[in-house]
Amino acid sequence: MPALATLMQEMQAHYRVPCPPLSEIIAGLNSMPACAEILVCEDAGSVLGFVAFSGIYPGPGLKPGIFLKELYVTQSQRGQGLGRALMQALAALAKQRGLARIDWTADPENSRLLAFYDGVGGTRNPDKLFFRLDGDALEKLAT
């Protein structure tokens with residue numbers, strides 16, 4: 001867990017977003033919801049990349065699928081095929097479990113990321129809009 005948590009700290013720095021202390025990240029990993037899963041790519045005890053995902057249902061045709069939440073490869077290993085290997089492992093897992101699709105979001109301004117997802121066979125879905133409910137809006141709706 002500490003190696004994965006350290007890579008998650010790197011990811012937060014990469015995205016320039018606040019990051020909790022390492023102990024909180026490890027606690028979060030230890031208390032993940034049952035539907036959340038993480039596949040890692042490691043070498044000699046170092047975690048080089050990971051893909052975090054959850055099962056979803058229903059989808060088109062009332063078929064189950066996967067929602068990919070995060071795909072991250074350490075800066076020093078980018079361009080070596082690890083991201084593609086993680087996506088292949090996720091696709092194989094989906095196929096093994098009888099799941100019909102993998103969905104995800106991507107930053108529309110990150111052309112390198114979009115090219116990567118295009119390269120693994122992802123298709124852009126312009127008829128969907130991503131929403132988020134958090135912070136004050138979440139509190140207000142919940143009460």
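**Figure 1. Surroundings of Glu70 in strand 3 of the predicted model.** In this predicted model, Glu70 is placed in strand 3. The side chains of Glu70 and Lys69 are joined by a polar contact of 3.2 Å. With neighbours within four places in sequence set aside, the contacts of Glu70 are Met11, Tyr15, Phe50, Val51 and Ala52. One of these, Met11, is a buried residue of helix 1, and another, Phe50, belongs to strand 2, where Val40 stands opposite it. Of the 9 residues of strand 3, 7 are buried, so the strand is largely enclosed by the rest of the structure.

**Figure 2. Helix 1 and its buried face.** Helix 1 covers residues 2–14, 13 residues in total, and reaches 18 Å from its first C-alpha to its last. This span is close to the 18 Å expected at 1.5 Å a residue. The buried residues of helix 1 are Leu4, Ala5, Leu7, Met8, Met11 and Gln12. Seen down the helix axis, these buried residues fall within an arc of 160 degrees, so they line one face of helix 1. They pack against helix 2 (22–30) and against three strands, namely strand 1 (36–43), strand 2 (46–56) and strand 3 (65–73). Helix 1 is followed by Arg16, which has a positive phi near 55 degrees.

**Figure 3. The hairpin of strand 1 and strand 2.** Strand 1 pairs with strand 2 in the antiparallel sense, over 8 bridges. Within this pairing, Val40 stands opposite Phe50 in strand 2. The hairpin has 2 residues between its strands, and Ala44 is placed in this loop. Although Ala44 is not a glycine, its phi is positive, at about 50 degrees. Ala44 has a relative accessibility of 80% and therefore counts as exposed, the cut-off being over 50%.

**Figure 4. Strand 2, strand 3 and the loop between them.** Strand 2 and strand 3 form an antiparallel pair over 8 bridges. Opposite Gly65 in strand 3 stands Ile56, while Gly55 stands opposite Ile66 in strand 3. Pro58 lies in the loop between strand 2 and strand 3, and the peptide bond leading from Tyr57 to Pro58 is cis, with omega near -5 degrees. The loop between strand 2 and strand 3 also holds Leu62, a residue other than glycine whose phi is positive, near 55 degrees. With a relative accessibility of 57%, Leu62 counts as exposed.

**Figure 5. Arg101 in the loop before strand 4.** Arg101 is placed in the loop between helix 3 (82–96) and strand 4 (102–104). Its relative accessible area is 18%, and Arg101 is therefore buried, the cut-off being under 20%. The side chain of Arg101 makes a polar contact of 2.8 Å with the side chain of Asp103. Not counting residues up to four places away in sequence, Arg101 touches Ile56, Pro58, Gly59, Pro60, Lys63, Pro64, Gly65 and Ile66. Among these contacts is Pro58, the residue that follows the cis peptide bond from Tyr57. Ile56 and Gly65 are also among them, and these two stand opposite each other in the pairing of strand 2 with strand 3.

**Figure 6. The unit of strand 3, helix 3 and strand 4.** A right-handed β-α-β unit is made by strand 3, helix 3 and strand 4. Its two strands, strand 3 and strand 4, pair in the parallel sense over 3 bridges. In strand 4, Asp103 is the bridge partner of Phe67. The side chain of Asp103 also makes the 2.8 Å polar contact with the side chain of Arg101.

**Figure 7. Pro21 and its separation from Asp103.** Pro21 is found in the loop between helix 1 and helix 2. With a relative accessible area of 44%, Pro21 is partly exposed. Pro21 and Asp103 are 82 residues apart in sequence, and their C-alpha atoms are 30 Å apart in space.

Key:
Residues numbered from 1 in each chain as written. Predicted model: local features only at pLDDT ≥ 70, side-chain atom pairs only at ≥ 80, totals over all residues. Heavy atoms only, no water. Helix = DSSP H or I, 4+ residues; strand = E, 2+ residues; numbered from the N terminus. Expected span 1.5 Å × (residues − 1). Buried < 20%, exposed > 50% of the residue type's maximum accessible area, 1.4 Å probe, protein only. Arc of directions from axis to C-beta. Contact = heavy atoms within 4.5 Å. Polar contact = N/O pair within 3.5 Å; in protein donor to acceptor, adjacent residues only side chain to side chain. Pairing = 2+ DSSP bridges. Right-handed = clockwise from strand over helix to strand, strands pointing away.
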